[in-house]
Amino acid sequence: MDAARDPLQTTGRAQIDELARGLQARCAQLADTPPLDQAVAAYGRAADLWPREARIPNNLGNIETLRGNGDAAESHYKRAIELSPRWAAPHYNLGQLYTARFRYSEASEEIAQATALDFDLAKVIEQSRDNP
């Protein structure tokens, strides 16, 4: 990519962060409505700008789960955990994916990890699943 088109070369860090936050918000909007392909593309652009942001692969994992792409979802959740190992959400999500795939031992480990990291978050997520 040439410098004239590379946002990292032509804008300041605050502007990049603002752009990334805007993309994150747009990605969240697109993830809630079809087509999910647009959401995946938007998250890809956000990841290019914010490569160390764990919410991006976590949310991509959620989208791939919705699309029925378990292998891709697992990969995204693991990337989110790699980026932010002390964040409970991707552990919880990976545990749910493992449960759906009948990988109960791994599911138990991930859910336990999520609960140990942030019991309240795991509790809220579980309650929201029970009361949509």
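Buried here means under 20% relative accessible area. Keep that cut-off handy for the exercises below, and remember that you're working with a predicted model.

**Exercise 1. Get your bearings: work out which secondary structure the chain has, and how much of the chain is buried.**

Start by counting elements: there are eight helices and zero strands. Reading along the sequence, you get α-α-α-α-α-α-α-α.

Next, burial. The chain has 132 residues, and 37% of them count as buried. For the outside, the accessible surface comes to about 8000 Å², with 52% of it belonging to carbon and sulfur atoms.

Last, look at how the chain meets itself. Take the contacts between residues at least 6 apart in sequence: 44% of these join residues at least 24 apart.

**Exercise 2. Check the length of helix α6, then decide whether it is enclosed or open.**

Step one is the ruler. Helix α6 covers residues 88-100, which is 13 residues. The expected span is 1.5 Å times one less than the number of residues, so α6 should span 18 Å. The end C-alpha atoms sit 19 Å apart, which agrees.

Step two is burial. Ala88, Ala89, Pro90, His91, Tyr92, Asn93, Leu94, Gly95, Leu97 and Tyr98 are the buried ones. That's 10 of the 13 residues, so α6 is largely enclosed by the rest of the structure.

Step three: what does the covering? The cover includes α4 (55-67), α5 (70-83), α7 (104-117) and α8 (119-130).

**Exercise 3. Follow two asparagines, Asn58 and Asn93, and find what each one touches.**

Place them first. Asn58 belongs to helix α4, while Asn93 belongs to helix α6.

Now apply the 20% cut-off. Asn58 has a relative accessible area of 4%, so it is buried. Asn93 comes in at 15%, so it is buried too.

Then list partners, skipping residues up to four places away in sequence. Asn93 touches Asn58, Asn62 and Tyr77. Asn58 is in contact with His76, Tyr77, Ala80, Trp87, Ala89, Pro90 and Asn93. Put the lists side by side and you'll see that the two asparagines touch each other, and that Tyr77 turns up as a partner of both.

**Exercise 4. Find the largest nonpolar core and say which helix gives it the largest share.**

This core has 13 residues, and Cys27, Tyr43, Ala46, Ile56 and Ile63 touch the most other members. Two or more residues each come from α2 (13-31), α3 (36-49) and α4. The largest share, six residues, is from α3.

Zoom in on one member: beyond its neighbours up to four places away in sequence, Ala46 touches Leu23, Cys27 and Ile56. Apart from this core lies another of seven residues, including Ala73, Ile81, Tyr98 and Ala107. As background, nonpolar side chains tend to be buried together in soluble globular proteins.

**Exercise 5. Work out what is unusual about the backbone of Phe102, and what its ring pairs with.**

Phe102 lies in the loop between α6 and α7. Its phi is positive, about 60°, although it is not a glycine. At 63% relative accessibility, Phe102 counts as exposed.

Now the ring. The count of aromatic pairs comes to one. The partners are Phe102 and Tyr104, with 6.1 Å centre to centre and 75° between the planes, an edge-to-face pair. Tyr104 is partly exposed, at 49%.

**Exercise 6. Trace the salt bridges of Asp37 and Arg103.**

The whole structure holds nine salt bridges. In one of them, Asp37 pairs with Arg67, with the closest N and O atoms 2.6 Å apart. Asp37 is in α3 and Arg67 in α4, 30 residues apart, so this pair links distant parts of the chain. Arg67 is partly exposed at 33%.

Arg103 has two partners to check. With Glu74 the N to O distance is 3.0 Å; with Glu106 it is 2.8 Å. Glu74 sits in helix α5, and 29 residues separate it from Arg103 in the loop between α6 and α7. On accessibility, Glu74 is buried at 10%, whereas Arg103 is partly exposed at 24% and Glu106 is partly exposed at 32%.

Finally, widen the view: Asp71, Glu74, Lys78, Arg101, Arg103 and Glu106 are linked in a network of salt bridges.

Technical notes. Residues are numbered from 1 along each chain as its sequence is written. This is a predicted model: local features need pLDDT of at least 70, side-chain atom pairs count only at pLDDT 80 or more; totals for chains, interfaces and linings use all residues. Side-chain values use heavy atoms; hydrogens and water are left out. Helices (H or I, at least four residues) and strands (E, at least two) are DSSP runs, numbered from the N terminus. Buried means under 20% relative accessible area, exposed over 50%, partly exposed in between (1.4 Å probe, protein chains only). Contact means heavy atoms within 4.5 Å. Accessible areas come from the Shrake-Rupley method with a 1.4 Å probe; for residues, only the protein chains shown count as cover. A nonpolar core is a set of buried Ala, Val, Leu, Ile, Met, Phe, Trp, Tyr and Cys residues joined through side-chain atoms within 4.5 Å. Rings of Phe, Tyr and Trp (its six-membered ring) pair if their centres lie within 6.5 Å; planes under 30 degrees apart count as stacked, over 60 as edge-to-face and the rest as tilted. A salt bridge is a side-chain nitrogen of Lys or Arg within 4 Å of a carboxyl oxygen of Asp or Glu.
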